Amino acid sequence: MRSDRPETAAPGQVKQITSLANPLVKDLRALAMKKHRDETGLFLGEGLKLVTDALAVNWPVDTICFSGSVRDQPAVAQAAAKVHARGGTVLDVSEAVLGKITRRDNPQMVVGVFRQRLRPLAEVRPADGEVWVALEQVRDPGNLGTIVRTVDSVGAKGVILVGETCDPFSVEAVRATMGSMFHVPLVRASREAFLAWAKTARTRLVGTHLKATHDYRRAAAPGPVVLVMGNEQQGLTEPLAEACTVRVKIPMAGQADSLNLAVATGVMLYELRRDAL
Ligand code: SAM
Ligand code: CO
């Protein structure tokens with residue numbers, strides 16, 4: 001009897017799809033739309049790295065979909081076997097089908113479908129030395145994904161999406177995280193819920209504001225910190241700015257009115273995490 005585990009999904013466990021009219025193809029393609037993501041609780045991510053990152057942390061992978069041209073690559077076969085072993089679906093498709101699903105002329109050869117996962121705000125209890133980021137009404141998915149990636153890079157703990165924000169599970173946001181999506185806890189909260197939480201969380205709230213008088217290099221202090229960043233167009237709303245323990249500004253010398261949100265978040269995070277890195 002063989003005791004070794006199979007390293008690839010057996011052919012019968014793989015669905016092959018070449019028809020662009022296949023209903024599964026339509027379902028996956030529909031995940032580009034927020035409405036369909038909300039209904040299914042799923043999201044789409046492109047590239048083998050994303051799938052292997054998800055598998056490495058046991059993030060639920062609903063489906064792996066790959067082009068027949070890469071089916072024999074060991075890394076692809078292993079990822080497919082893992083997805084299957086954990087109850088997911090394995091789809092071996094044509095490049096045309098991949099292009100249709102991802103709405104791209106040059107699609108990646110591997111695409112994953114993942115379960116959405118958000119953490120409840122009540123579970124967020126920043127400890128000494130920990131940094132969380134709160135983003136009020138962030139609009140741009142590229143900014144959001146870039147910030148998630150930066151939070152991961154500096155070893156900050158997670159991101160709280162406050163108020164009406166763009167969808168963290170959109171293809172653009174997920175792409176910009178470069179896999180950090182699966183390493184950074186995401187929380188969503190109304191402004192009211194966030195303000196109520198902040199009162200009881202025993203955490204310093206460091207707000208960033210163009211009209212602040214404190215220099216950002218005075219933001220670091222012992223204890224837990226939530227870095228609070230404003231919206232791309234309007235900046236922080238009054239209620240949130242007022243709730244902050246301190247408001248700081250990153251000095252600027254040229255003619256620009258402000259820094260890009262993700263850049264400002266990066267500067268702040270490196271300052272707040274200076275002693276840890
Ligand atoms: N017109 C907006 C305003 O007046 O606030 C600009 C918002 S800016 C593009 C987006 C966010 O990035 C701000 O809300 C703030 O959190 C942060 N930010 C950008 N530049 C900054 C700076 N020089 N100092 C502190 N925060 C900054
Ligand atoms: Co099986």
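Let me start with the enclosed space: the structure, which is a predicted model, holds 1 cavity of 30 Å³ or more, where a cavity is a set of points, on a 1 Å grid over the protein atoms alone, at which a 1.4 Å probe fits but cannot get out. That largest cavity has a volume of about 30 Å³, a volume being the space filled by probe spheres set on the points, which are joined across faces, edges and corners. Its lining, meaning residues with an atom within 4 Å of a point, consists of W59, R117, R119, M181, V184, P185 and L186. By class, this lining has 5 nonpolar, no polar and 2 charged residues, with Ala, Val, Leu, Ile, Met, Phe, Trp, Tyr, Cys and Pro counted as nonpolar, Asp, Glu, Lys and Arg as charged, and the others, Gly among them, as polar.

A word on conventions: residues are numbered from 1 along each chain as its sequence is written, while chains are lettered from A and ligands numbered from 1 in the order in which they are written. Local features need pLDDT of at least 70 and side-chain atom pairs count only at pLDDT 80 or more, whereas totals for chains, interfaces and linings use all residues, and side-chain values use heavy atoms, with hydrogens and water left out.

Now to the ligand. Of the 19 residues around ligand 1 (a heavy atom within 4 Å), those that come nearest are T208, G230, Q233, I250 and L259. Among the polar contacts, which are pairs of N or O atoms within 3.5 Å, an oxygen atom of ligand 1 lies 3.0 Å from a polar backbone atom of G230. A nitrogen atom of the ligand is 3.0 Å from a polar backbone atom of Q233, and a nitrogen atom is 2.9 Å from a polar backbone atom of I250. The protein covers 85% of the 560 Å² of accessible area that ligand 1 has on its own, by the Shrake-Rupley method with a 1.4 Å probe.

Which space does ligand 1 take? The answer is the largest pocket, a pocket being an open set with protein on both sides within 12 Å along at least five of seven lines. This pocket has a volume of about 410 Å³, and of its 20 lining residues, T208, L210, G235, S258 and L259 lie nearest its centre.

Technical notes:
Polar contact = N/O pair within 3.5 Å; in protein donor to acceptor, adjacent residues only side chain to side chain. Sits in = over half its atoms within 2 Å of the grid points.
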